[in-house]
Amino acid sequence: MKTNRFILLLLLVSIFNNLAAQINLNTGLVAYYPFNGNANDESGNNNNATTVKATFIPDRFGKPNSACAFNGKNNYIRIPDDASLHFKKGFSISAWVMVKGFYEGTCHGNRIIMKGSTDYLNGNYMLTFDDNHSTNGGNCYTNDPDKKRQSFYAPNAAPITNDYIVTDKWYSLTYTYDGSNALFYVDCKLQGKGTISNYNFSNNYDLFFGKMDNSQYPYWFNGLLDEVRMYNRALSKDEILALCSNKPIQAPDIPCPKATIVTAKFDFNISNCTTTAFNLQTTVTKNIKTIQWFFGDGTTSNKLSPVHTYQKKGNYKVKTIVTNKAGCADTFTRQ
């Protein structure tokens, strides 16, 4: 009996390890935009962006300056074309999106993410939404958008449900293509699918967030965008479920050169029982780009050496995240 239990235990451990090994959200990651107060690519591939009037606001977890807001009129993000953004085999793209309003110009489309200047360009890719499937003949045949029947969609993945968009709600969108099958998920649910062989997601246009690069059909996006990830492979079902779990996902663990390593270790001094002064244990501060302090009582700070007063005495886990100008970061937690 003990032998059988031991074998069962080993089998369960093996299954768990195999499942864990399949979920690696860093493998094949070519671009990653968590919007930590900027539009930098934190995948290590330097696909950094230029922002035009874009603003950064709290994300779905309430973390300050951690989601990008678009007004649907004149702000956007532009990423220069790069070979790493051309996908000739597998491809996946995911993002968290909140819709605030709907574009009312000609054809009233809405482009959240778009690489390509027209809908019909070979090799383009996008995440988008409109009322095309709710109108007679398509959205270009009506003057006004149907704001109650708008749906997300992605390339080559024909809709299989009629789930319409609710404004002011966060959605997880994930599109994946394995060379034959195109699948589109909204909040972990398969919403579109299609079959197309050897499709090439490759063109020489810049990548845009918040609009399409077309003066006649700009298709401005009015809403919030966060956690944009692009992969040069098809994600597995387990990886898609991990992305839409609505839990914070840590940034990729990208090795930093020794010369650019930064430390987040800190010490502190307590006065008057509840007032605490925090100090980083580093003498090199000129290369620090951002500092985030989490005081364990729901409050935060971005000062170099903050002084914080707790409302109640007790034990608090304090965390700091320090990022330097080279993009290297360190996290340190202390009670």
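In this predicted model, Thr-128 of strand E8 has Tyr-153 of strand E9 as its bridge partner. Strand E9 covers residues 151-153. Three bridges join E8 to E9, and the two strands run antiparallel. A second strand, E7, also pairs with E8. E7 spans residues 110-115. Its pairing with E8 is likewise antiparallel and extends over five bridges. Within this pairing, Asn-110 is matched with Phe-129 of E8.

Strand E8 itself spans residues 125-130. Six of its six residues are buried, so E8 is largely enclosed by the rest of the structure. The side chains of E8 fall into two sets. Tyr-125, Leu-127 and Phe-129 point one way from the strand. Met-126, Thr-128 and Asp-130 point the other way. All of these residues are buried. Thr-128, the bridge partner of Tyr-153, and Phe-129, the bridge partner of Asn-110, thus belong to opposite sets.

These strands are part of an open sheet. The sheet has six strands, in the order E2-E5-E14-E7-E8-E9, and the pairing is antiparallel. Strand E2 (50-52) and E9 stand at the edges. Each has a single partner strand, so one side of each is left without a neighbour in the sheet. From one strand to the next, the twist averages 15°.

The cysteines were examined next. A disulfide is a covalent bond between the sulfur atoms of two cysteines. The structure holds one disulfide. Cys-188 and Cys-244 form this bond, with their sulfur atoms 1.8 Å apart. The torsion about the S-S bond is about 110°, so the disulfide is right-handed. Cys-188 lies in the loop between strand E12 (181-186) and strand E13 (189-195). Cys-244 lies in the loop between helix H2 (237-243) and strand E16 (266-271). The pair therefore ties together parts that are 56 residues apart in sequence.

The two bonded cysteines fall into separate exposure classes. Cys-188 is partly exposed, because its relative accessible area of 27% lies between the cut-offs of 20% and 50%. Cys-244 has a relative accessible area of 9%. This value is under 20%, so Cys-244 counts as buried. Two further cysteines were also classified. Cys-68 is buried, with a relative accessibility of 0%. Cys-273 is exposed, because its relative accessibility of 70% is over the 50% cut-off.

Key:
Residues numbered from 1 in each chain as written. Predicted model: local features only at pLDDT ≥ 70, side-chain atom pairs only at ≥ 80, totals over all residues. Heavy atoms only, no water. Buried < 20%, exposed > 50% of the residue type's maximum accessible area, 1.4 Å probe, protein only. Helix = DSSP H or I, 4+ residues; strand = E, 2+ residues; numbered from the N terminus. Pairing = 2+ DSSP bridges. Axes fitted to C-alpha atoms, helices over the stretch in contact; angles between N-to-C directions. Disulfide = S-S within 2.5 Å.
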